[in-house]
Amino acid sequence: IVSNKVTLSGYAVLTPLQSWRFANFGDINASDTADPDGDGMANLMEYALGTLPNSAASMVAPVLAPIADRLTLSFTRVRGDVTYIVEAGSDLATWTSLATNPGTVGQNVTVTDTVPISTANPSRRFLRLRVTNP
């Protein structure tokens, strides 16, 4: 009797990130922090934003914009298996979390700073998107 069932034993199922790495680099252990296309966006961020890590032309950066007296950061939350963290600060050394995994997967997300630019001391604000691989 011929069976059409295939049983795999001892093989791990790839995570979505490992599958993406293999598809783009031929290696499931490719570095999250590398930037092979030189566009200034690390591999993990490229994965999180749905861009191609080997093509600088595919870069889609989060959009920073002032609305009234506050900064906003907008991006598309492409994946459900990484953590998206929007952070704010008055300098580039100290960051405070504004939102973790805002919105839903597939949605364009906008996060607004909690501190008005005019009342910040000093009167400047920075927002950034940080992505981690849990």
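1. Salt bridges of the predicted model. A search over the whole of this structure, which is a predicted model, returns 4 salt bridges. One of them joins the side chains of R21 and D32, with an N to O distance of 2.6 Å. R21 belongs to helix α1 (residues 16-25), while D32 sits in the loop between α1 and α2 (43-49), so this pair ties together parts that are 11 residues apart in sequence. As for accessibility, R21 is buried at a relative accessible area of 11%, whereas D32, at 22%, counts as partly exposed. The assignment of D32 deserves a careful reading, because buried is defined as under 20% relative accessible area and the value for D32 is 22%.

2. The pair R130 and E87. A further salt bridge is formed by the side chains of R130 and E87, at 3.0 Å from N to O. This contact links distant parts of the chain, since R130 is in strand β6 and E87 in strand β3, with their positions 43 residues apart in sequence. The two partners fall into separate accessibility classes: R130 is partly exposed, with a relative accessible area of 33%, and E87 is buried, with 6%. The pair is also part of something wider, in that E87, R128 and R130 are linked in a network of salt bridges.

3. The hairpin that carries E87. Which residue is the bridge partner of E87 in β4? That partner is S97, and the pairing belongs to strands β3 (residues 83-89) and β4 (residues 96-100), which run in the antiparallel sense and share 4 bridges. With 6 residues between them, β3 and β4 form a hairpin. E87 therefore appears in two roles in this note, as the buried residue at 6% relative accessibility that meets R130 in a salt bridge, and as the residue of β3 that is bridged to S97.

4. The surroundings of R125. R125 is placed in the loop between β5 and β6 (126-132), and its relative accessibility of 15% makes it count as buried. The side chains of D113 and R125 meet in a salt bridge, at 2.7 Å from N to O. Both residues lie in the loop between β5 and β6, so the pair ties together parts that are 12 residues apart in sequence. D113 is likewise buried, with a relative accessible area of 2%. On the other hand, the side chain of R125 also makes a polar contact of 3.0 Å with the side chain of S90. Leaving aside residues up to four places away in sequence, the residues that R125 touches are L71, A88, G89, S90, D113, V115, I117 and A120. A reader inspecting this region can thus follow R125 to D113 through the 2.7 Å contact and to S90 through the 3.0 Å contact.

5. P122 and S90. The loop between β5 and β6 also holds P122, which is partly exposed, with a relative accessible area of 37%. How many residues apart in sequence are P122 and S90? They are separated by 32 residues in sequence and by 6.9 Å in space, taken from C-alpha to C-alpha. S90 is thus a reference point for two residues of this loop, through its C-alpha distance to P122 and through its side-chain polar contact with R125.

6. The open sheet. Three strands make up an open sheet in the order β1-β2-β5, and their pairing is antiparallel. Its edge strands are β1 (63-67) and β5 (107-112), each of which pairs on one side only. From one strand to the next, the twist averages 30 degrees. Strand β2 (residues 70-77) is joined to β5 by 6 bridges, and these two strands run antiparallel; within this sheet, T76 stands opposite N108 in β5. As background, the strands of a sheet pair through backbone hydrogen bonds, either parallel or antiparallel.

7. Confidence. The mean pLDDT of the chain is 91, and 93% of the residues reach 70 or more. Where among the elements of the chain does the mean pLDDT stand lowest, and where highest? The lowest value belongs to β1, at 95, and the highest to β4, at 98. The edge strand β1 of the open sheet is therefore, with its mean of 95, the element with the lowest mean pLDDT, while β4, the hairpin partner of β3, has the highest.

Notes
Residues numbered from 1 in each chain as written. Predicted model: local features only at pLDDT ≥ 70, side-chain atom pairs only at ≥ 80, totals over all residues. Heavy atoms only, no water. Pairing = 2+ DSSP bridges. Axes fitted to C-alpha atoms, helices over the stretch in contact; angles between N-to-C directions. pLDDT = per-residue confidence, 0-100. Buried < 20%, exposed > 50% of the residue type's maximum accessible area, 1.4 Å probe, protein only. Polar contact = N/O pair within 3.5 Å; in protein donor to acceptor, adjacent residues only side chain to side chain. Contact = heavy atoms within 4.5 Å.
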